[in-house]
Amino acid sequence: GDLHMKVRITPSERFTLEGSDLITHVDVYPWDAALSGKVPVETLDGRIMVKIPEGIQTDSRVRVAGKGYPARSGKQGDL
């Protein structure tokens with residue numbers, strides 16, 4: 001016979017799920033926001049360094065491709 005499962009994803013303190021994309025908040029020093037820099041960011045696979053673009057503003061988003069939640073299609077969302 002077939003096995004049918006229902007999966008419920010519980011909220012996390014670190015990530016918010018939007019489709020297969022994960023959202024996380026990162027604090028950035030003012031000099032890194034103004035002049036560019038790299039900050040450590042936790043992902044599902046471990047810690048990575050993310051480049052902050054020069055002149056980024058408060059509440060801006062930086063997309064890291066392929067570091068989100070795996071979708072049914074096998075493709076991984078973005079962080």
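A pocket is found on a 1 Å grid over the protein atoms alone, as an open set of points where a 1.4 Å probe fits, with protein on both sides within 12 Å along at least five of seven lines, and its lining residues have an atom within 4 Å of a point. The model is predicted, so local features need pLDDT of at least 70 and side-chain atom pairs count only at pLDDT 80 or more, while totals for chains, interfaces and linings use all residues. Residues are numbered from 1 along each chain as its sequence is written, and side-chain values use heavy atoms, with hydrogens and water left out.

**Exercise 1.** Describe the lining of the second largest pocket.

Solution. Begin by listing the lining, which consists of Ile-9, Thr-10, Pro-11, Ser-12, Phe-15, Thr-16, Leu-17, Leu-22, Leu-44 and Tyr-69. Then sort these residues by class, where Ala, Val, Leu, Ile, Met, Phe, Trp, Tyr, Cys and Pro count as nonpolar, Asp, Glu, Lys and Arg as charged, and the others, Gly among them, as polar. The result is seven nonpolar, three polar and no charged residues.

**Exercise 2.** Find the residues closest to the centre of the largest pocket, and follow Arg-61 from there.

Solution. Of the 27 lining residues, Thr-24, Val-26, Ser-60, Arg-61 and Val-62 are the closest to the centre. Next, compare positions: Arg-61 and Thr-24 stand 37 residues apart along the chain, yet their C-alpha atoms are separated by 9.6 Å. Finally, leaving aside residues up to four places away in sequence, Arg-61 touches Glu-18 and Ile-23, where contact means heavy atoms within 4.5 Å.

**Exercise 3.** Examine the salt bridge between Arg-61 and Glu-18, and say which parts of the chain the pair ties together.

Solution. Recall that a salt bridge is a side-chain nitrogen of Lys or Arg within 4 Å of a carboxyl oxygen of Asp or Glu. The side chains of Arg-61 and Glu-18 meet this condition with an N to O distance of 3.9 Å. Because Arg-61 lies in the segment after S4 and Glu-18 in strand S1 (residues 16-18), the pair ties together parts that are 43 residues apart in sequence; strands are DSSP runs (E, at least two residues), numbered from the N terminus. For accessibility, buried means under 20% relative accessible area, exposed over 50%, and partly exposed in between (1.4 Å probe, protein chains only). Arg-61 is therefore exposed at 62%, whereas Glu-18, at 40%, counts as partly exposed.

Methods
Helices (H or I, at least four residues) and strands (E, at least two) are DSSP runs, numbered from the N terminus.
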